[in-house]
Amino acid sequence: MKLLTHNMLTSHVKGVTKGYPLIIKATEVKVNELEFNSQFVSRMIPKLEWSALIQAAEWLGHSQDLPSTLIPDYENDEEFLRKVHRILLEVEVLEGCLQCPESGREFPISKGVPNMLLNEGE
Amino acid sequence: MPVCDPLFNETRRRARRVYLGLIMQELDQTVTIGATVPTGFEHTAAEEVQEKLEATARVSKNRGRIYFDITTDKLLKVHQLKSLDNLFVVVKEYDDYQFKTTKEEVQLDWQELATKLPWTNALEVWKLNNSIKKKKGRRKRTNPTKSDQCGNVGTKSTDTVPSDPEELWEDLEALEVKGNQRDVSSQPENDSEEEKHSEIQDQESGVTPLKFRVTCNRAGDKHCFTSNDAARDFGGAVQEFFQWKADMTKFDVEVLLNIHNNEVVVGIALTVESLHRRNITHFGPTTLRSTLAYGMLRLCKPQVSDVIVDPMCGTGAIPLEGVMEWENSFFLAGDNNGTAVSRSVNNIKHILKRTHDGGSSSGLPLDIIQWDLCNLPMRSSSVDIIITDMPFGKRMGSKKKNWELYPLCLREMARVCKPGTGKAVLLTQDKKCFLKALSQMEGLWRKLHTVWVNVGGLHAGVFVLKRTAVVFGTTSEVVMEPHTATGSQKENMKDASQ
C-alpha cells in the first residue's frame, strides 16, 4: 500500500465520524523505485490532505524533513517534488495494519493489500 | 539444375539480395491493413491508430472493423496497438460487388476472381509479418481471467523493425514472387511462435506448397449462397491458382473473405485467429477482453495525476491495462473477493517481472484493496474516474441482486467521485436495471453517451457518465437501505445544474 492510497482511505465503521486518517502500524515496509514525473506530483499535491501525508510519512520513518505546511511555489522546486514523489509512490507498506483512530478497529495489510472489509453489523 | 560451383551460387545470391534490397525499398510502400475491434469501439480504435501511427482509419459499415493505410516499416507498431483484436492485410476491396443469382454462377465468379486479384503485395506483407512475429518474441497469454486473446498485456519488447535484415531478405528470397504468380512458394511456417531460423529455399531445389484455409464472414439477405459455400468455392479457386494445400487447422496462410451486402474484402490474416475467440461464450460474461478494457479506458481520457478507481476489479484486467498505457495516472483496484484480489496481485507481479530491466525492483502507480464497494473506505470526492465492469449478478456471491446492488453502487460511486469534474465508465449487461438505478440518483450523474458492445455474445452497454456538481453527504454516511433512495442527502443538494 502506497501512502498516496493511504491519503484517500478512511475508516467507514458504523457511527464513526473521525475516521481519518487511519493510523498506520507497519511491520514491513519496502521502497520501490518508480519513475518521477514532476507534473504528476505537482498536480497531485492540491488533491492531498497534506498533514495526513506528513503524519503517515512520520509513522513510517520517512518524513525526509518535509514541511508540515506547503510552501508556496512548490511546483518549481524539483528537490521538494522528488521528496514528495518518494513518499507518495515509492514507500510501500507490505505488512501491518491500518487502525481506525476512533473505534480502534484494525484492518490488516498483507502483501501490500489492505483488507477493509467489515463484518456484519460493524 | 544450376551449376554447382559454390562461388557461382554465392554471386547469384548476392545479386538476388541486391535486387530484393531494391524491392524492399519499393516495398516500403503503402498497404491497407484491416483490423477487427470490439464492436462499438471502432472510433476509439481509430483514435489510437491516428495517435500512434499517424494514419487515418476508416470505420467499415461492417461493424467491428476498421481500415487504415501504412507503409510496411510500421507493421511492428501495428501489432503493438492495444485496441485491435486481429489484423489482416487487404488484397482487394470492392464497394459494390455484383453477385450473380445462382450458386453456379457465383462459383465461376470466385474462380475468375482468384486469378485476377493482386496477391503479390499482400503476400509480401504476410511474409514480412511472419518475421516480425518471430522477432516480437513470446507474447504470453496473460489475460488474468481467460486466455482467449493473444498478447493482452502490452509487452515492452523490441521497438525496432526486425534487427536482422539479412534474415528478412532470406525470407523474401524464398518467396520468389514472379509475374504469373503461380510459383509463389515458401518454407511452410510453423504456427507456433518458436524462434526457428527459416531456411533459404532456392526455387530450383524444389518447393513445398503452402497450406492455407479460407475463412468467410458473410452478412446480407440478398446472397444466394452461404458463407460455407463461398469459403469452399473461393477456397477451391485459390487452391487451383496457387497449387497450395488446403488445411483447416494447420495452415500457413489464412485467406479472409469478408462479405457485407455488396462490400467484399479479400484479405490475408496477419494474426492467428484464436480458436478460443470464436467460442468466447464458454468463458462467460465476466471475461473482459483487454482490447475492450483498453477501449473503455480511452473513453475516460485519463489525464496526468487522475485517480482512477475500479471498485469491482475482479482479477484486475482494467487497472492493469490502464497502468501499462497511462503511466501518469494513479490506479486503485478493489474487490470484495479474496481470490480475485490475490490473482490481481499475481498479475501485477507478472507484469513487473516482464517490464523490469536488470535487477531493479520498480513499482507501478497502482494499489489493490480488498473492500466492499457499497461501503467504500474512501474519502468523499477523492476520485477522478471510476471505471468498471459491473457484475451480472454472479460474481458478487451474496444475496444482493442487481436491483438492490446497482443503486447502492451508483450512490457510493457518486459519493467518492469528484463533483463537477468526475466521470464514470461502466460496463453492464443488465441495462434495464442500470438505467432504472441511474434515474433514481437524484441528479448525481448525467449520461454523456453509451457505447453498445458485444461481450461474450451478449449485448451490453458501456455507459459514460459525468458526475454533476450536486454535492453529497459526509464520509461517515450509513449505507442506505434499498428503496429509500432519498434520505439525508436531500438537505445537501442543490438543484442539478448540469
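Let me begin with Arg298 of chain B, which at 7% relative accessibility counts as buried. Please keep in mind throughout that what we are looking at is a predicted model. Arg298(B) forms a salt bridge with Glu47(B), and the closest N and O atoms of the two are 3.5 Å apart. This pair links distant parts of the chain, since Arg298(B) sits in helix α9 of chain B and Glu47(B) in helix α2, residues 42-53 of that chain, with the two positions 251 residues apart. Glu47(B), at 35% relative accessibility, counts as partly exposed, whereas its partner Arg298(B) is buried.

The helix that carries this arginine deserves a moment as well. Helix α9 of chain B runs over residues 290-300 and is mostly covered, 11 of its 11 residues being buried; among them are Tyr294(B), Met296(B), Arg298(B) and Cys300(B). Just after α9(B) comes Lys301(B), which takes a positive phi of about 50 degrees.

Let me turn to a second salt bridge in chain B, the one that Glu325(B) forms with Lys82(B), where the closest N and O atoms are 3.1 Å apart. Here too the pair links distant parts of the chain, with Glu325(B) in helix α10, residues 317-325, and Lys82(B) in the loop between α3 (75-79) and β4 (86-94), 243 residues apart. Which of these two residues is buried, and which is partly exposed? Lys82(B) is buried, with a relative accessible area of 13%, while Glu325(B) is partly exposed at 21%. Both belong to a network of salt bridges that also takes in Glu48(B) and Lys52(B).

For a pair of neighbours in sequence, consider Arg232(B) and Asp233(B), which form a salt bridge with their closest N and O atoms 3.5 Å apart; Arg232(B) counts as exposed at 52% relative accessibility, and Asp233(B) as buried at 10%. Over all chains, the count comes to 20 salt bridges.

Now to the interface. The contact takes 33 residues from chain B and 32 residues from chain A, and the area buried between these chains is about 2800 Å², of which carbon and sulfur atoms give 58%. Three salt bridges are found across the interface, including one in which the side chains of Arg379(B) and Glu49(A) meet at 3.7 Å, N to O. There are also 15 residue pairs in polar contact between chain B and chain A, counting those with both residues at pLDDT 80 or more. On the side of chain B that touches chain A, β10 (330-335), α11 (338-355) and β11 (366-370) each supply at least two residues, and the largest share, five residues, comes from β11(B). By class, that side has 15 nonpolar, 12 polar and six charged residues.

From the side of chain A, one residue to look at is Leu34(A), which lies in the loop between β1 (23-31) and α2 (38-44) and is buried, with a relative accessible area of 13%. Leaving aside residues up to four places away in sequence, Leu34(A) touches Lys2(A), His85(A), Leu89(A) and Glu90(A), and also Gly363(B), Leu364(B) and Pro365(B).

Finally, the cysteines. How many disulfides does the structure hold over all chains? The number is zero. The sulfur of Cys313(B) is 14 Å from the closest cysteine sulfur, in Cys409(B), and is therefore too far for a bond; that of Cys433(B) is 9.6 Å from its closest cysteine sulfur, again in Cys409(B), and is likewise too far.

Notes. Residues numbered from 1 in each chain as written. Chains lettered and ligands numbered in written order. Predicted model: local features only at pLDDT ≥ 70, side-chain atom pairs only at ≥ 80, totals over all residues. Heavy atoms only, no water. Buried < 20%, exposed > 50% of the residue type's maximum accessible area, 1.4 Å probe, protein only. Helix = DSSP H or I, 4+ residues; strand = E, 2+ residues; numbered from the N terminus. Contact = heavy atoms within 4.5 Å. Disulfide = S-S within 2.5 Å. Buried area = accessible area lost by both parts, 1.4 Å probe. Salt bridge = Lys/Arg side-chain N within 4 Å of Asp/Glu carboxyl O. Polar contact = N/O pair within 3.5 Å; in protein donor to acceptor, adjacent residues only side chain to side chain. Nonpolar A, V, L, I, M, F, W, Y, C, P; charged D, E, K, R; others polar.
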